[in-house]
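Let's take a walk through this model together. Have the sequence and the 3D view open side by side.

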Amino acid sequence: MASSSVAIEVIGLCKTYDNFTAVKDLSLNVQSGEIFGLLGPNGAGKSTTLRILITTLKPTSGRATILGHDVVTEADTVRQLIGYVPQERAIDRFLTGREHLLLLGDLYHLPKEEAVKRIQELLKLVDLEDHADRVAKTYSGGMKRKLDIACGLLPNPKILFLDEPTLGLDVQSRLNVWDYVRRLRDQGMTIVMTTNYLDEADQLCDRIAIIDEGQIRITGSPKELKAGLGGDGISLTLGDADPAVCARLVEEIEKLPFIRSIRTHGQGLDIRVDAPEKALPALFEATSQVGCRLDGIEYHRPRLDDVFVTYTGHSIDDQSTSLTSDTAG
Ligand SMILES: Nc1ncnc2c1ncn2[C@@H]1O[C@H](COP(=O)(O)OP(=O)(O)O)[C@@H](O)[C@H]1O
Ligand SMILES: [Mg+2]
């Protein structure tokens, strides 16, 4: 029952800062017990959305409910249901890890004995037991993030919000954070997180919403989004940087029957095809026909970055120019 109930409902949410609209008509549902990810580049509106949901920012219009409670009119109730791990950490430099948590326990009015017991459990969960009584300013980035997560979990929330939980962490610390988040989900907690890491969204989240320029482009499980693209990807690395030759090649490829879309970028072309066994020889022929040198070729099954490009028209790190032509109609 819990697995199919709606934990968060967002309808037509908008947020305008002065003259700038950061979130535009955003609607989504989060199911109880899932890890839901908001995936998007810097400035997409992820933190703004999260801050509205945790009641620290008022929406300009639209509404959102957390377990049935309105984030504006029932903000006090909502606050008792949620935990929050902010994007920017607020670790005080002169307190130990344990002291941070005890101070927070005071703020939440937890009875001292209960707080002490709970803090010990949380320190264990995030592997900070051995460092709990060290001043937190001496912690590594990964350890500070673990302490942030323990802070978010202290009120024993029904729903945990994590803003970019692994931003800037080394590989091992990222994997540890993923592991905690999965463990919490497996214990029945609902998790909402933001990320601009494609692999994190792909491997950690049960469902994601791709957000770009304040708008949701598509929502679904990573698996169904990838499968929904249909077709496979072929990347050509071109040795000829001449834009005119490149444009001619795109023209030739667009005429081929099993091509779904073509996108040019600095080093070459990303092409989606229906039948790679037919597409590959035809692509070789087209490149030689226009006199374009081929420096590399890569073939792959649909990936989450392909999903991102398909629904936003650009890659998540914005390094490449977008020229998407959908020839499949
Ligand atoms: N307090 C603010 N005043 C004005 N603009 C803001 C404010 N906070 C965020 N923005 C702008 O809103 C957009 C979305 O920001 P944010 O929600 O932080 O994006 P993300 O978390 O996806 O990087 C950005 O262009 C940002 O510059
Ligand atoms: Mg942010």
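Which residues does isoleucine 54 touch, leaving out those up to four places away in sequence? Keep in mind that you're looking at a predicted model. In it, isoleucine 54 makes contact with Ile82, Tyr84 and Phe161. To find isoleucine 54 on screen, go to the loop that links helix H1 (46-53) to strand E4 (61-66).

Sitting in a loop, is isoleucine 54 buried or exposed? It counts as buried, because 21 C-beta neighbours fall inside 10 Å, and 20 or more is what it takes. There's also valine 71 to look at: it is 17 residues away from isoleucine 54 along the chain, yet the two C-alpha atoms are 7.2 Å apart.

Now slide back to helix H1 and look at ligand 1. The residues around ligand 1 are Tyr17, Phe20, Ala22, Gly40, Asn42, Gly43, Ala44, Gly45, Lys46, Ser47 and Thr48. Strand E2 (20-31) and H1 are the elements that each supply two or more of them, and H1 gives the largest share, with three residues. Sorted by class, that shell comes out as six polar, four nonpolar and one charged.

How far can you lean on all this? The chain has a mean pLDDT of 90, and 94% of its residues reach 70 or more. The stretch to watch is residues 319-329, where pLDDT stays under 50. The model still gives that stretch 23 contacts beyond four places in sequence. Where pLDDT is low, though, the predicted coordinates shouldn't be read in detail.

Technical notes:
Residues numbered from 1 in each chain as written. Chains lettered and ligands numbered in written order. Predicted model: local features only at pLDDT ≥ 70, side-chain atom pairs only at ≥ 80, totals over all residues. pLDDT = per-residue confidence, 0-100. Contact = placed C-beta atoms within 7 Å. Helix = DSSP H or I, 4+ residues; strand = E, 2+ residues; numbered from the N terminus. Buried ≥ 20, exposed ≤ 12 C-beta atoms within 10 Å, placed from the backbone. Near = placed C-beta within 6 Å. Nonpolar A, V, L, I, M, F, W, Y, C, P; charged D, E, K, R; others polar.
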